[in-house]
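Here are some exercises to work through at your own pace. Try each task first, then follow the solution step by step.

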Amino acid sequence: MSSTDDLEPRPSPEDRAPPSTVRPYVLTRGRTRSSWHLGWETLVSSTADGATTATEPIFDEELQAVQLCAHPRSVAEVAAHLKIPVGVTRVVLGDLAERHIIVVHDTGDAADPEVLRRIIRRLREP
Amino acid sequence: MRCEQPAPLPTSVKVVIAGGFGVGKTTFVAAISEIDPLTTEAAMTDAAAHVDDQAGVEAKTTTTVALDFGRITVDESIVLYLFGTPGQDRFVFLWDELAEGALGAIVLVDTRRIDHCYAAVDYFERRGTPFVVAVNPFDGAECYDLDEVREALDVPAHVPMVTSDARDRGAAKAALITLLEYLLERPPHQVA
């Protein structure tokens, strides 16, 4: 098996992420929680209004998040692309949602059989 | 001023891919994801923030853990994410976040190290998260009968077990379909 599986924890992510210009929790203005429910899989997307609002001076990472979310992206995807931890990403996205720059999508209903059937159909496609 | 939404916003669901260190979780995700698996990090402090006795601990002690995930766009309204759990037991704190709201889980088993997936099996059983077991045959590993593996893991008879090969797209898809069909067949009261 490849040694890339289950990466060992590292003291710092510097070996693969360029150093951010600001420390992660500066981005969140010191907060560690968001008032929005943002799971790792929760989709967010930029609103039409947000695309223009986002030209206001905001952190680079916030701007990048807005641009990234021109198409729906999960919280985990935004975190991966921005190379910031998921916890920080949540707070950043929560802020953007608060300002109506992005919209937080509902999570799919895990108990809905129709959802399960549609996934099965998709997986059975060649 | 706001335009009407032309269609409902897509929603997302997730499945957790668990198992011991080095069992092939990332390989499994890569086999069926439509994107190259992405890696994201969670800081230990993300979870430790709620723990009272951590309150005075300096942020310098932050440890990060990386985990890989993939995506399958099901149709215009559903996106499925596959999250590999961090392999080591000491990152179980992250599993709650990953398991919350998940459709279910696939526990990958390496027959050379069956004990390495005990933590995952225990965790999902305790949490009531439905799961299936996918036994990954490794080259050179002794062949096990699925019933022997079931016995070794002590999983109930209703939990599906399949032989899967994390490197093979078709086999990985089949394991995922096994989970989804299991979810459909379960009596409603069993829904976690």
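**Exercise 1. In what order do the elements of chain A run from the N terminus on?**

Before starting, note that this is a predicted model, in which local features need pLDDT of at least 70, side-chain atom pairs count only at pLDDT 80 or more, and totals for chains, interfaces and linings use all residues. Residues are numbered from 1 along each chain as its sequence is written, chains are lettered from A and ligands numbered from 1 in the order in which they are written, and side-chain values use heavy atoms, leaving out hydrogens and water.

Step 1. Helices (H or I, at least four residues) and strands (E, at least two) are DSSP runs, numbered from the N terminus.
Step 2. Reading along chain A gives α-β-α-α-β-α-α-β-α.
Step 3. The tally for chain A is six helices and three strands.

**Exercise 2. Describe helix α6 of chain A and find where its buried residues lie.**

Step 1. Helix α6(A) covers residues 113–124, which is 12 residues. From first C-alpha to last it reaches 17 Å, close to the 16 Å expected at 1.5 Å a residue (1.5 Å times one less than the number of residues).
Step 2. Buried means under 20% relative accessible area, exposed over 50%, and partly exposed in between, with a 1.4 Å probe and protein chains only. In α6(A), the buried residues are A:V115, A:L116, A:I119, A:I120 and A:L123.
Step 3. Looking down the axis of α6(A), these buried residues fall within an arc of 135°, so they line one face of the helix. The arc is taken from the directions from the helix axis to the C-beta atoms.
Step 4. Here is the general rule: an α-helix has 3.6 residues a turn, so residues three or four places apart point the same way.

**Exercise 3. Find the helix that gives the most to the largest nonpolar core.**

Step 1. A nonpolar core is a set of buried Ala, Val, Leu, Ile, Met, Phe, Trp, Tyr and Cys residues joined through side-chain atoms within 4.5 Å.
Step 2. The largest one has 91 residues, and B:L176 is one of those with the most contacts inside it.
Step 3. The top contributor to this core is helix α6 (residues 169–185) of chain B, with eight residues.
Step 4. Contact means heavy atoms within 4.5 Å. Setting aside neighbours within four places in sequence, the contacts of B:L176 include A:L123, B:L80 and B:I106.

**Exercise 4. Place B:H158 and name the side chain that it joins in a polar contact.**

Step 1. Look in the loop between α5 (146–153) and β7 (161–163) of chain B, where B:H158 lies.
Step 2. With a relative accessible area of 47%, B:H158 is partly exposed.
Step 3. The side chains of B:H158 and B:Y182 are joined by a polar contact of 2.9 Å. Such a contact is a pair of N or O atoms within 3.5 Å; within protein, one must be able to donate a hydrogen and the other to accept it, and residues adjacent in sequence count only if both atoms are side-chain atoms.

**Exercise 5. Is B:D154 buried or exposed, and what is its phi?**

Step 1. B:D154 sits in the loop between α5 and β7 of chain B.
Step 2. Its relative accessible area is 62%, so B:D154 is exposed.
Step 3. Phi of B:D154 is positive, about 60°, although this residue is not a glycine.
Step 4. For background, most residues other than glycine have a negative phi.
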